Amino acid sequence: MKRILLSTLPGKLPPALALLLLVGTILVGLGLVVVTGFGYLPALGADAPSLESFRRLFADPRLWPSLLATLTAGLVATVASFLTALALAAAFDQAGENGQGWAHRFAVAVLALPHVALALGLAFLIMPSGWIMRTIAQASGLFPIPADWPLVTDRGGVALALGLFLKETPFLFIAYLTALAQIKPASQLLMARSLGYRNHIAWVKLVLPRLYPLIRFPILAVLAYSLSVVDMALILGPSTPATLPVLILRWANDPDLAQRFVAAAAAILQLLLVSGAILLWLLGEVVVKRLCSAWLSDGRRAWPEWIAKSGSLLLRGIGIVVVAAVFLSLLSLLLWSAAMTWRYPDILPQAISLAAWQRAGMTIWQPLGASLLLAIATSITATVLALACIEHEKHVRRYLVQRAERWLFLPLLVPEVSFLVGIHVLLVLIGLNGGWLAVGWLHLLFVFPYVFLTLKAPWRAFDLRFEHMALALGQSPWRVLWRVKLPMMRGSLAWAAAIGGSVSLSLYLPTVLGGEGRIVTLASEAVALSAGGDRRVVGVYGTLQTTTAALFFLAALLALRHRRWTAK
Amino acid sequence: MTIGATRRDLFLGGLALSVIWPLASQPARADSAPASNEAALAAARGQTVYFNAWGGDQRINDYIAWAGAEVASRFGVTLQHVKLSDTAEAVTRVLAGKIAGQMDGGGIDLIWINGENFAAMKKQELLFGPIIQLLPNMHYVDPVSKPTVLSDFAIATDGYESPWGMAQLVFFHDTKRLVHPLRTLPDLLAWAKANPGRFTYPAPPDFIGSTILKQFLLSLATDRTPLDVALDAVRFDEVTAPLWDYLGSLTPHLWRQGRSYPASSTALRQMLNDGEIDISMAFNPGDASSAIAQGLLPDSVRSFVLSGGSIGNTHFVAIPFNANAKAGAVVVADFLLSPLAQARKQNADIWGDPTVLELSLLTGEDRKLFAALPQGVATLSPQELGPVLPEPHPSWMEAIEARWLQLYGH
């Protein structure tokens, strides 16, 4: 590997080296998981490999129901957000730039919202003592005490799927709009219309097949995330038993250190689960492609009227529900942050207190500074690194980067608690633990994949003729990159950096493990303080986190809007 | 070009490394383990003590901040509260240090701990000690009147932990919904039948959930002696039968018919506050008063205990084996034990956590600190709290949790 690298990448060593370091770090972390899963951890007195941890894992009565709930919630959320985001993107694509503005801004706001905050807000909205039921109780006089209905933390994982759906649909929606901007479908649609195709069907038959390859990564990321989510599952997901990632967290945090072997075995199972689901999805792609290939070219130019009508009604309904649910969840958290007491069945708080805000006002400045510093540093590093990797892959052989790419996915596939421990051991070994560099490095592990994969599709879709033309005009490759490509790709770059920044802002465990708790960020403070379950604290910190992340996206939106200023 | 890295690359790499290296944390050379309190006091000045403690309660955080200001002015020790969402995070980091062979200069100097976390750390030799002979304020602690100060969940502390506060299992009820406390388990069952869906407990192996099972068993058992010694697998069914019989009758009347359980005791308290249930429970007798003061529970909530005694124990602070500032940690642990700090901790307006000190051993001056304390609206007096039952031997817990998971946990 090393020889290949050195011989093919003259002058390109730094990015490849960085990539190798990233992948290497992840592999060390996972390596420890694997050997632990197979019963080897001398520090705990286990020095003979065995399958005992797997035996204990499969003997646990919680395992199968937990797997089932994990899979259903994850798959339902992914399919629902995939279809909804797609339909919404199609609708807004046809509505043109004007209609997109507010929807885009809304979606960005949801991106900036921490998962925990949305989950708590949604839980308060839908639970039996929540906002909706309070309104019904007040209006009808029924339910003097909250009903005993499983509206959240239900065994089937419906509430969890709903929470994931609300959070992931806007993410996919933005990804689709970004990809659509790359393929510019307007002229094609015009042609199809002139051939008598109705709008919707032309979109599905002509635009979608070209769009899909560009949006595949975001969908797989959503799938992987939905299956391995911990923070939302703790609040909305089933508790008896909990989903697999939550069980892994429990085992990994169990006071009985022998449970760490079970946690490691379960992490291996989790990895298989996510890989299996991804394979299933890819298989589904093939099946859909087969089934639809005849239909795509059968020349039919319109849906039956009732399908078109009810489809558009349904879409409108879902769109309204998504916007309303997110808006009300946020609003309830904001109200909570200023509530002293707010009990069933009151629709508004009985007593207001700004104590939670005042307290935060005294203590957040240092964590806020640390968060911003880390987010800016890691997102810029990740963007530059991703740029270097993607740029040089076309000059050199692609396979090295592509091979590395697959491994980069790994941090997104397994609950972080299971492999970060191994990485922490590595950090201690090389004496990096407890410092800024360690925290920054761990952040980069999570930030880089998102930045890299957000940037990759639009970058590869870049029309190379611009580059060739500039080179033909006698410009140096550096100058072409700097004066032609970067200005043209400014929007994508800014967007990728903003995503990276928002990921960094949300990281808890990497911050605590890498910094040994000595580096305190907004996220680490928020998670530690909300361990007590106080909605007011979550409200305050959720608002602060959302605002901070929104600043990053706002900056990216500004960059998107002024795409052309350097070209002048 | 195939010769490998160019000279420029190597130069850049070296430059990058030389810039990065000093940024890496280089903990100050670890102090040698202090041999006496005087030595600790001398070595502690100027040290920074990273105190890893659960950060989910603002009042506790404020108390630790106060202690930090005190040790800074008294002993020149800087106390940094590392706020955790789960104590296991700190155990994990100490363990990682051990795996990596880091014998000193570790990132954690003091850790708030008890029960199974302590048992695990002691067994894996992750703690520094014994430390209690370095703590002059241990003189005010009496293991006869409070045996759990030296025995954490039936495991001898052997001096590796410094006691910090007392805990006892207490139930909370909203007097607007449940006027009279339920003092016996048959009463609880009858009430649950009349009010289906209004009682539940956190799913074991959550700490409080498991404690409830132990409490039920101790309250129901006719003979508790087998529970004091290690598990006798042959007698497990016979000894625990009253518990399973009771749960069999109770479960259909629980919240969600016992098909789901809340994930934690904080979730349980939130449910009481939201009016979804009528009873919650905690391990701190002052918890309800503290929650009322913070607006986390209605002011109509009061405490009760089961007659016949409730499970009690002690929570502690301990020093990891590879702590960087052991002397500073000893000084802080001793300060946390001082009558001044303990009295402030017991103050219901500050934290409301019962002291580990034996008041009869204190000087008159110090005893006055405790006499003047407010008690808290929903806190029971020591007489009302009743007798403290010792924990069953830990081996029983594992078997009971496993049986519960088989019966109700999936």
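This report walks through a predicted model with chains A and B, from the build of chain A to a small sheet in chain B.

**Chain A as a whole**

Chain A is mostly a helix story: its secondary structure comes to 26 helices and two strands. Its radius of gyration is 25 Å, close to the 24 Å that the globule rule gives for 568 residues, so chain A is as compact as a globular protein of that length. Along the principal axes, the C-alpha atoms of chain A fill a box of roughly 70 × 65 × 50 Å. Buried residues account for 50% of the 568 in this chain. If you take the contacts in chain A with a separation of 6 or more, 79% of them link residues 24 or more positions apart.

**Two helices that cross**

For a closer look at packing, try α3 (residues 52–59) and α13 (residues 259–296) of chain A, whose axes lie 8 Å apart at an angle of about 75 degrees. That angle falls in the 65 to 115 range, which makes α3(A) roughly perpendicular to α13(A). On the α3(A) side, the residues that meet the other helix are A:Ser53, A:Phe54, A:Arg56 and A:Leu57. Facing them from α13(A) are A:Phe261, A:Val262, A:Ala264, A:Ala265, A:Ala266 and A:Leu269. Sorted by class, this contact has eight nonpolar residues, one polar and one charged.

**One exposed arginine**

A:Arg316 sits in helix α14 (residues 305–337) of chain A. Is A:Arg316 buried or exposed? With 12 C-beta neighbours inside 10 Å, A:Arg316 counts as exposed, since the exposed class takes 12 or fewer. A:Tyr225 is 91 residues away from A:Arg316 along the chain, and their C-alpha atoms are separated by 27 Å.

**Where the chains touch**

The contact between the chains draws 59 residues from chain A and 64 residues from chain B. Several elements of chain A each supply at least two residues to its side, among them α1 (2–8), α2 (13–37), β1 (339–341) and α20 (436–460). Which element gives the most to the side of chain A that touches chain B? That is α19(A), with five residues. By class, this side of chain A has 33 nonpolar, 16 polar and ten charged residues.

**The sheet in chain B**

Over in chain B there is an open sheet of three strands, ordered β8-β7-β9 with antiparallel pairing. β8 (279–282) and β9 (301–304) of chain B are at the edges with a single partner strand each, so one side of each is left without a neighbour in the sheet. From one strand to the next, the twist averages 30 degrees. The two pairings look like this:

| Strand pair | Sense | Bridges | Residues opposite each other |
|---|---|---|---|
| β7(B) and β8(B) | antiparallel | four | B:Phe172 and B:Ser280 |
| β7(B) and β9(B) | antiparallel | four | B:His173 and B:Arg302 |

The strand shared by both rows, β7 of chain B, spans residues 170–174.

Back to the edge strand β8(B): both of its faces are covered. B:Ile279 and B:Met281 on one side are buried, and so are B:Ser280 and B:Ala282 on the other. Helix α10 (residues 265–274) of chain B lies across β7 and β8 of chain B, and runs at about 145 degrees to β8(B).

Definitions and conventions: Residues are numbered from 1 along each chain as its sequence is written. Chains are lettered from A and ligands numbered from 1 in the order in which they are written. This is a predicted model: local features need pLDDT of at least 70, side-chain atom pairs count only at pLDDT 80 or more; totals for chains, interfaces and linings use all residues. Two strands pair if DSSP finds at least two bridges between them. Axes are lines fitted to C-alpha atoms, for helices over the stretch in contact, and angles run from 0 to 180 degrees between N-to-C directions. Two residues are in contact if their C-beta atoms, placed from the backbone, lie within 7 Å. Ala, Val, Leu, Ile, Met, Phe, Trp, Tyr, Cys and Pro count as nonpolar, Asp, Glu, Lys and Arg as charged, and the others, Gly among them, as polar. Angles under 35 degrees count as roughly parallel, over 145 as roughly antiparallel, 65 to 115 as roughly perpendicular and the rest as oblique. A residue is buried if 20 or more other C-beta atoms lie within 10 Å of its own, exposed if 12 or fewer, and partly exposed in between; C-beta atoms are placed from the backbone. The radius of gyration is taken over C-alpha atoms; the globule rule is 2.2 Å times the number of residues to the power 0.38.
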